[in-house]
Amino acid sequence: MIDIQHLSFGYRTQNEIFQDLTLQLGAGHIHGLLGKNGAGKTTLLKLISGTLFPYNGNVSTFGFTPAKRDPMMLQDIYFLPEDLFLPALSIQSYVKVYAPFYPHFDYTQFDSILQEFEIASKTQKIHTLSHGQKKKVQIAFSLAANTRLLIMDEPTNGLDIPAKSQFRRIVANAFTEERCIIISTHQVRDLHSLIDYITILDEHDIVMSHGVEEITKRLLFKWYDVGEAPVDALYTEESIKGVAAVLENHQQAESKLDIEILFNALFANKDKFKELFKK
């Protein structure tokens, strides 16, 4: 689906964000793109979608070069940005204007998602809605567009707790094996049960890009009482629940991935994790 080879990019050549970056992301997954502030997550999403152009290397998005902005590619990509700009239109007028750009747009699905989000009337002017309600309209539109590639940058920002739960359910229901969904987020707790493939950026490079099944095959996530965590743990983190530990999974035991603990563990011991996850 997405193939990036030896990509280099910077807003100024003296300040490169990426240098010789290589990454592949396939269909049939909900990818979580994680990283600290300034790691280049949004920049990478824009390079994949063709709103920024690399000055070296190649980006291929289902066979197209995004920088060429081919209409056949653009009709099969939807990019939901973190910062929303919405025209002074009613919801129904917005759909009438923009849905025709997406040949597989499903109007019934759009209405169903709005109902799930408890937005009752499509005659409301979008610019008069709260930030959270605007976000819900855009999420509904992005999923109903039914593009092969859906990119979401911090989609749960601005949503309240019930809406975050609704979001997870709606995305899971809209997902198919033919689609590739990429979600860039800091809110890993919001998306813990949704993401099945994790890519982590650090210092403008990929430090991990693996499926959840592969991660839990190599790592064991366990909770211990304070003072009882094994001394050979790769990482430990104490909380009111006890001590969360990440260990090498020598016995191929089953455990449930904790993305936040994984993220903290990786940045506490990057060299060891890079060694463990060498292909």
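Helices here are DSSP runs of H or I with at least four residues, strands are runs of E with at least two, and both are numbered from the N terminus. The model is predicted, so local features need pLDDT of at least 70 and side-chain atom pairs count only at pLDDT 80 or more, while totals for chains, interfaces and linings use all residues. Residues are numbered from 1 along each chain as its sequence is written, and side-chain values use heavy atoms, with hydrogens and water left out.

**Exercise 1. Work out what surrounds Lys-136.**

Step 1: find the spot. Lys-136 sits in helix H5, residues 131-144.

Step 2: look for a charge partner. Lys-136 is buried but has no salt bridge. Buried means under 20% relative accessible area, exposed over 50%, and partly exposed in between, with a 1.4 Å probe and protein chains only. A salt bridge needs a side-chain nitrogen of Lys or Arg within 4 Å of a carboxyl oxygen of Asp or Glu. The nearest side chain of opposite charge belongs to Asp-160, 5.0 Å away; Lys and Arg count as positive, Asp and Glu as negative, and His and the chain ends are not counted.

Step 3: check other partners. The side chains of Lys-136 and Gln-133 share a polar contact of 3.0 Å (a pair of N or O atoms within 3.5 Å; within protein, one must be able to donate a hydrogen and the other to accept it, and residues adjacent in sequence count only if both atoms are side-chain atoms).

Step 4: add the contacts (heavy atoms within 4.5 Å). Setting aside neighbours within four places in sequence, Lys-136 touches Phe-117, Ile-119, Leu-159 and Ala-163.

**Exercise 2. Trace the salt bridges of Arg-189.**

Step 1: start with the total. The structure has nine salt bridges.

Step 2: take the Asp partner. Arg-189 and Asp-258 meet at 3.1 Å, N to O. Arg-189 is in the loop between E7 and E8 and Asp-258 in the loop between strand E12 (242-248) and helix H8 (259-268), so this pair links distant parts of the chain, 69 residues apart.

Step 3: take the Glu partner. Arg-189 also forms a salt bridge with Glu-260, with the closest N and O atoms 3.1 Å apart. Glu-260 lies in helix H8, so this pair ties together parts 71 residues apart in sequence.

Step 4: compare burial. Asp-258 is buried at 14%, Arg-189 is partly exposed at 45%, and Glu-260 is partly exposed at 27%.

Step 5: put it together. Arg-189, Asp-258 and Glu-260 form a network of salt bridges.

**Exercise 3. Say what the bridge between Asp-190 and Lys-164 ties together.**

Step 1: get the distance. The closest N and O atoms of Asp-190 and Lys-164 are 3.2 Å apart.

Step 2: place both ends. Asp-190 lies in the loop between strand E7 (180-184) and strand E8 (197-202) and Lys-164 in helix H6 (residues 161-174), so the bridge joins parts 26 residues apart in sequence.

Step 3: check accessibility. Asp-190 counts as buried at 11%, and Lys-164 counts as buried at 18%.

**Exercise 4. Describe the backbone and setting of Glu-118 and Glu-154.**

Step 1: Glu-118 has a positive phi of about 65 degrees although it is not a glycine. Glu-118 is in the loop between helix H4 (107-116) and H5, and is exposed at 62% relative accessibility.

Step 2: Glu-154 has a positive phi too, near 50 degrees. Glu-154 is in the loop between strand E6 (149-153) and H6, and is buried at 3%.
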